Amino acid sequence: MSAHYCRYCDAGGLEVVLDLGDQPACDDFPLLTDTRPDPLYSLRMGMCTACGLAQLLEDDTTADEPRGIESHALVRQSEQAVARAAAAGLLPKSGRFAEFGSPHGGSWAGPLSDRGLIPAEPGEPADLVLDCFGLMHEPAQAAALARRVDRLAEGGTLLVQFHSLAAMLRDGEWNVLRHGHHAYYSTPVLVNMLETVGLVVRRAWTFDLYGGTVLLACTREGRQSDGVTALVREERAFGVLDAGQVGRLQLAMERGALELWSWLEQASGSGLRILGYGAASRSVALLCAAGAGPGLLPAVVDAAESKHGRRLPGVGIPVVGPERLRGDRPDLVLLFVPDLLAEVRAAYPEVEAAGGRWVRADHIGLGIRVPLARGAEPSVLEMRES
């Protein structure tokens, strides 16, 4: 049994369901001129046998990630979410909102202001309290949830959006585990957490963002919708509360790391020019697990200027600006953030105009092979549903 205690219910006996070994802090991008060895820290996911919360077991990192750029996909999703909450009658038509956001960017202030809401002053009760991927960054989960509820005015609504553990398990998204992300929620667990603090989860909506996210709308009064009940039942049946089922992420990690290394080695050996795109935390875990350095992937392009001139920790791959897409004329661009596919194709048409191809990293190992020549296959190499 583990000596760790649950970040929410404080129970002991957490089961390890995913162990990535010692990893660098994936939100620390050292300068290229910094040649010192990157510090390594244990990176493991545990699951509480009492409340079912999947969580980061330990985190000794203190890094501060250069701030990224808010993607069009994240902006569109926030607009859709606000529209759905309003259509369901769960968005106040006036009043104040308080936002508990993610340190990685993204805000709903624009669409909320467009609907007549104004920001609340610090500590002021709000008619709408929003948490968009913020709660998972809190080491002490019960106290963090209480702070959000304390901001909620009488008759107000709490909106909580989270990356779905069910989606992670379904798609084998093991590389979303990272330092600084202290909790990974399933709908049954988060609904129970919210009920414990006196809130009723009225509605639930699902989105494709990040492979699968869920938005919950909660109030102090009312009844849980049939849709919420069905989603809880569906995820329970899928095994999100079963440590053995969640532990399948370990097998996905071992298989995925080997498949990526093999794919990059084959592409490099074929003489193809390769670049990565998206210096995100998930790319660090993936490349570190695969043991893929600059010899297999010369650089990763990112639109955030704050990351240029730096390198991915643990593997030493330089982070460069989008001009490399034009200068290098890559045959393959490995995309580490699938949600950006439509956005990057529109922003960098020169890749395909020169005969290059975009390859989704999450589809490596699902039948994607290295092309033998330029122009021999479609310009986006990704699995398509039949």
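Which residues does UniProt give for the feature "domain: C-methyltransferase"? The unreviewed UniProt entry places this feature at residues 210–359. The structure discussed here is a predicted model.

**Annotated spans**

Over residues 210–359 the chain is 43% helix and 17% strand. The C-alpha atoms at the two ends of this span are 16 Å apart. UniProt, again in an unreviewed entry, also lists "domain: Methyltransferase putative zinc binding" at residues 6–58. That span is 0% helix and 40% strand, and its end C-alpha atoms lie 11 Å apart.

**Helix H5 and its surroundings**

Helix H5 covers residues 187–196, and 7 of its 10 residues are buried, so the helix is largely enclosed by the rest of the structure. The buried residues are Thr187, Pro188, Val189, Leu190, Val191, Met193 and Leu194. The elements that cover them include helices H3 and H6 (226–238) together with strands E7 (152–163), E9 and E10. Just after H5, Gly198 takes a positive phi of about 85 degrees.

**Contact between H8 and H9**

The axes of helix H8 (residues 248–269) and helix H9 (residues 281–290) come within 8 Å and cross at roughly 80 degrees. This crossing makes H8 roughly perpendicular to H9. On the H8 side the contact is made by Met253, Ala257, Leu260, Trp261 and Leu264, and on the H9 side by Leu286, Leu287, Ala289 and Ala290. By residue class, the contact of H8 with H9 holds 9 nonpolar residues, no polar ones and no charged ones.

**Salt bridges**

The structure holds 14 salt bridges. The table gives three of them, including the distance between the closest N and O atoms.

| Pair | Closest N and O atoms |
|---|---|
| Glu124 and Arg96 | 3.1 Å |
| Asp131 and Arg148 | 2.5 Å |
| Arg360 and Asp362 | 2.6 Å |

Glu124 forms a salt bridge with Arg96. Glu124 lies in the loop between strand E5 (117–119) and strand E6 (126–132), and Arg96 lies in strand E4 (residues 95–100), so the pair ties together parts that are 28 residues apart in sequence. Both partners fall in the range from 20% to 50% that defines partly exposed residues. Glu124 counts as partly exposed because its relative accessibility is 23%, and Arg96 counts as partly exposed because its value is 29%.

Is the pair of Asp131 and Arg148 buried or exposed? Asp131 is buried, and Arg148 is buried as well. The two residues form a salt bridge. Asp131 lies in strand E6 and Arg148 in helix H3 (residues 141–150), so this pair ties together parts that are 17 residues apart in sequence.

Arg360 forms a salt bridge with Asp362. Arg360 counts as buried because its relative accessibility is 18%, under the cut-off of 20%. Asp362 counts as partly exposed, at 39% relative accessibility. Elsewhere, salt bridges that share partners join Asp131, Glu138, Arg147 and Arg148 into one network.

**Positive phi outside glycine**

Most residues other than glycine have a negative phi. Tyr210 has a positive phi, near 60 degrees. Tyr210 lies in the loop between strand E9 (200–207) and strand E10 (213–219). Tyr210 counts as partly exposed because its relative accessibility is 22%.

Arg329 also has a positive phi, near 45 degrees. Arg329 is found in the loop between helix H10 (323–327) and strand E15 (332–335). At 44% relative accessibility, Arg329 counts as partly exposed.

**Glu305 and Gly321**

Glu305 is found in the loop between strand E12 (300–301) and strand E13 (310–311). With a relative accessible area of 67%, Glu305 is exposed. How far apart in space are Glu305 and Gly321? From C-alpha to C-alpha, the distance is 7.1 Å, while Glu305 and Gly321 are 16 residues apart in sequence.

Terms used:
Residues numbered from 1 in each chain as written. Predicted model: local features only at pLDDT ≥ 70, side-chain atom pairs only at ≥ 80, totals over all residues. Heavy atoms only, no water. Helix = DSSP H or I, 4+ residues; strand = E, 2+ residues; numbered from the N terminus. Buried < 20%, exposed > 50% of the residue type's maximum accessible area, 1.4 Å probe, protein only. Salt bridge = Lys/Arg side-chain N within 4 Å of Asp/Glu carboxyl O. Axes fitted to C-alpha atoms, helices over the stretch in contact; angles between N-to-C directions. Parallel < 35°, antiparallel > 145°, perpendicular 65-115°, else oblique. Contact = heavy atoms within 4.5 Å. Nonpolar A, V, L, I, M, F, W, Y, C, P; charged D, E, K, R; others polar. UniProt positions renumbered as here; feature names shortened; annotations may be inferred.
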